[in-house]
Amino acid sequence: MAEKLKVGVLVSGSGTNLQAIIDAQAEGLPIEVAHVVSSRPDAYGIERAKAAGIPVLVMNKGLYADPRAADEMIADTLKASGVEYVVMAGYMRMVTGVLLDAFPNRVINLHPALLPSFVGAHAIQDAFDAGVKVTGVTVHFANEEYDKGPIIAQRAVAVREDDTVDTLEERIHEVEHEMYPQVLGWIADGRVEVLEDGKVRIHE
């Protein structure tokens with residue numbers, strides 16, 4: 001049996017995408033969540049990781065006072081666990097070059113909009129307020145610019161006439177929970193390539 005791709009997952013809140021990845025792993029996705037990092041000591045994602053027997057590094061505001069030192073701690077912890085790819089799943093801290101350099105083209109982010117539209121922490125509300133008819137989900141490699149970096153995959157979500165922000169958010173999260181494990185499966189299978197021009201090719 002081929003070795004599973006070891007990933008580290010960064011969370012800040014409830015950890016529903018972490019749970020989707022854990023569930024997909026249990027169902028045969030060829031990855032292993034080797035370590036979880038929480039930016040907050042009260043994040044429910046910590047409980048999800050513990051329930052799955054995954055070690056957790058718990059950070060706090062004090063540790064983030066020096067963002068580069070914090071990212072060095074995170075990078076060292078993940079490398080010690082054999083992590084090959086870093087997966088941001090609702091992680092509300094911007095990563096620095098320390099972490100990006102430790103995992104070049106191997107830090108992945110999930111964003112609840114079709115980038116480059118609606119960047120930032122309130123993408124679902126912003127898309128709803130703008131009255132767009134289509135929004136969606138983007139999975140991309142992270143870089144030192146917020147919500148930028150090579151796009152791996154996108155999936156559209158229609159905004160219905162009777163939608164509220166809550167119902168739209170619920171459908172977007174459903175797509176996220178399917179899409180993130182799917183992309184991780186592509187990476188584990190060696191199908192994702194970052195080209196010299198910064199674009200991403202998905203091999204069949």
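This briefing looks at strand E4 with its neighbours, and then at helix H5. Please keep in mind that the model is predicted. Strand E4 covers residues 85-88, and helix H5 covers residues 123-130.

**Strand E4 and its side chains**
- Tyr 85 and Val 87 point one way from E4, while Val 86 and Met 88 point the other way.
- Whichever way they point, all of these residues are buried.

**Partners of E4**
- Strand E1, made of residues 5-11, runs parallel to E4 and is joined to it by four bridges.
- One contact point to look up here is the bridge between Leu 10 and its partner in E4, Met 88.
- E5 also runs parallel to E4, with three bridges joining the two.
- Along this pairing, Ile 108 in E5 stands opposite Val 87.
- The path from E4 to E5 includes helix H4 (residues 97-102), and together E4, H4 and E5 make a right-handed β-α-β unit.

**Helix H5 and its cover**
- Ala 123, Ile 124 and Ala 127 are buried in H5.
- These buried residues lie on the same side of H5, because they cover an arc of only 100° around the axis.
- As a reminder, an α-helix has 3.6 residues a turn, so residues three or four places apart point the same way.
- Among the elements that cover the buried residues of H5 are strand E5 (107-111), strand E6 (134-141) and helix H6 (165-188).
- Strand E5 therefore turns up in both parts of this briefing: E5 is joined to E4 by three bridges, and E5 is included in what covers the buried residues of H5.
- Just after H5 comes Gly 131, which takes a positive phi of about 75°.

Technical notes
Residues are numbered from 1 along each chain as its sequence is written. This is a predicted model: local features need pLDDT of at least 70, side-chain atom pairs count only at pLDDT 80 or more; totals for chains, interfaces and linings use all residues. Side-chain values use heavy atoms; hydrogens and water are left out. Buried means under 20% relative accessible area, exposed over 50%, partly exposed in between (1.4 Å probe, protein chains only). The arc is that of the directions from the helix axis to the C-beta atoms. Contact means heavy atoms within 4.5 Å. Two strands pair if DSSP finds at least two bridges between them. A crossover is right-handed if, with the strands pointing away from the viewer, the path from the first strand over the helix to the second runs clockwise.
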